[in-house]
Amino acid sequence: MTEQTELLIVDDHPVFRQGLRDVLETDSRMKVIGEAADGEVAIEMAYEVNPEVILMDINLPTINGLQVTRKIKSQLPDVKVIMITGYDDAEQVFHAIRAGASAYCPKDITPEALINIIHTVREGNYYVEEKTMSYDELMSWVESRIGRFSGPLISDSEDLFVPLSPREMEILEHVTRGLSNKEIAYKLGISHQTVKNHMTAILRKLRVDDRTQAAVYALRHGWVRLEGSR
């Protein structure tokens with residue numbers, strides 16, 4: 001592999017983005033062609049520069065990295081996405097892979113390991129749970145976890161790729177800020193009943209019993225963020 005791998009870095013922390021750039025530029029086979037600090041900008045930039053590999057955080061402003069990944073992959077299916085996140089748990093890994101990511105690794109990964117993973121996914125392989133997998137091996141891994149993390153009764157493939165729709169994610173973010181259904185309806189310009197319907201769907205998809213549990217779940221996984229949080 002002699003040509004350079006063109007990369008896009010997506011993370012809202014400038015210091016971490018610079019750290020990634022510094023690491024990548026130690027390898028002459030790597031070339032950073034863009035950076036984005038939030039989800040919407042990441043989507044626009046990906047369409048503009050068409051990178052080969054994207055290093056993606058999950059906890060982003062505007063829309064989260066899972067949704068960003070799915071949107072980008074729907075238009076640029078050949079782009080490889082590597083999730084680099086502090087939210088390292090089995091369920092999050094599952095949702096990231098179903099959203100279209102080729103790899104998932106924690107932010108404390110060593111520079112050497114990250115560079116190796118980039119080469120791994122560029123060659124068409126996957127990296128999950130510290131293992132390199134072929135496509136068939138990855139599909140077996142996903143299938144073994146569908147019942148565990150998605151619920152056995154889910155029939156809509158949308159639920160398997162991204163747990164919540166953009167509107168549901170928006171509503172859940174307002175819930176984490178303490179707004180009532182009525183307040184959310186007013187803020188979004190939709191009916192109170194529509195908000196209630198969305199909340200019912202959110203609780204079902206996350207398999208939780210109430211608004212508080214849904215808010216805690218979303219915050220713990222980095223899907224939404226409180227104002228002023230890092």
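Axes are lines fitted to C-alpha atoms, for helices over the stretch in contact, and angles run from 0 to 180 degrees between N-to-C directions. Helices (H or I, at least four residues) and strands (E, at least two) are DSSP runs, numbered from the N terminus. The model is predicted: local features need pLDDT of at least 70, side-chain atom pairs count only at pLDDT 80 or more, and totals for chains, interfaces and linings use all residues. Residues are numbered from 1 along each chain as its sequence is written, and side-chain values use heavy atoms, with hydrogens and water left out.

**Exercise 1. Describe how helix α9 packs on helix α10.**

Step 1. Two packed helices are described by the angle between their axes and the distance between the axes.

Step 2. Helix α9 covers residues 181-188 and helix α10 covers residues 192-206. Their axes come within 8 Å and cross at roughly 115 degrees.

Step 3. That angle makes α9 roughly perpendicular to α10. For the classes, under 35 degrees is roughly parallel, over 145 roughly antiparallel, 65 to 115 roughly perpendicular, and the rest oblique.

Step 4. The crossing of α9 past α10 is right-handed. A crossing has this hand if the near helix is turned clockwise from the far one by less than a right angle, and is left-handed if anticlockwise.

Step 5. From α9, the contact (heavy atoms within 4.5 Å) uses Asn-181, Lys-182, Ile-184 and Ala-185. From α10 it uses His-192, Val-195, Lys-196 and Met-199.

Step 6. By class, the residues of this contact are 4 nonpolar, 2 polar and 2 charged. Here Ala, Val, Leu, Ile, Met, Phe, Trp, Tyr, Cys and Pro count as nonpolar, Asp, Glu, Lys and Arg as charged, and the others, Gly among them, as polar.

**Exercise 2. Do the same for helix α8 and α10.**

Step 1. Helix α8 is residues 166-176, and its axis comes within 10 Å of that of α10. The two axes cross at roughly 95 degrees, and the helices are therefore roughly perpendicular to each other.

Step 2. On the α8 side, Arg-167, Glu-168, Ile-171, Leu-172 and Val-175 take part. They meet Val-195, His-198, Met-199, Ala-201, Ile-202, Lys-205 and Leu-206 of α10.

Step 3. The contact of α8 with α10 has 8 nonpolar, 1 polar and 3 charged residues.

**Exercise 3. Check the length of α10 and list its buried residues.**

Step 1. The expected span of a helix is 1.5 Å times one less than its number of residues. For the 15 residues of α10 this gives 21 Å, and the end C-alpha atoms are 21 Å apart, which agrees.

Step 2. Buried means under 20% relative accessible area, exposed over 50%, and partly exposed in between (1.4 Å probe, protein chains only). In α10 the buried residues are Val-195, Met-199, Ala-201, Ile-202, Leu-203, Lys-205 and Leu-206.

Step 3. Arg-207 follows α10 and has a positive phi, near 55 degrees.

**Exercise 4. Repeat the check for helix α5, then find what Asp-27 touches.**

Step 1. Helix α5 has 12 residues, 111-122, and should span 16 Å; its end C-alpha atoms are 17 Å apart, which agrees.

Step 2. Leu-114, Ile-115, Ile-117, Ile-118, His-119, Thr-120, Val-121 and Arg-122 are the buried residues of α5. Just after α5, Gly-124 has a positive phi of about 100 degrees.

Step 3. Asp-27 sits in the loop between α1 (14-24) and β2 (30-36). With 9% relative accessibility, Asp-27 counts as buried.

Step 4. Not counting residues up to four places away in sequence, Asp-27 touches Ile-115 and His-119. Both of these appear among the buried residues of α5.

**Exercise 5. Are Glu-129 and Glu-130 buried, partly exposed or exposed?**

Step 1. Glu-129 lies in the loop between β6 (126-128) and β7 (131-133). Glu-130 is also in the loop between β6 and β7.

Step 2. The relative accessible area of Glu-129 is 35%, so Glu-129 is partly exposed. Glu-130, at 70%, is exposed.

Step 3. Glu-129 has a phi near 50 degrees, a positive value in a residue other than glycine. For Glu-130, phi is near 65 degrees, again positive in a residue other than glycine.

**Exercise 6. Place Leu-8 and name its contacts.**

Step 1. Leu-8 belongs to strand β1 (residues 5-10) and, at 0% relative accessibility, counts as buried.

Step 2. Leu-8 and Leu-55 are 47 residues apart in sequence, with their C-alpha atoms 6.3 Å apart in space.

Step 3. Neighbours within four places in sequence aside, the contacts of Leu-8 include Gly-34, Ala-42, Met-45, Pro-51 and Leu-55.
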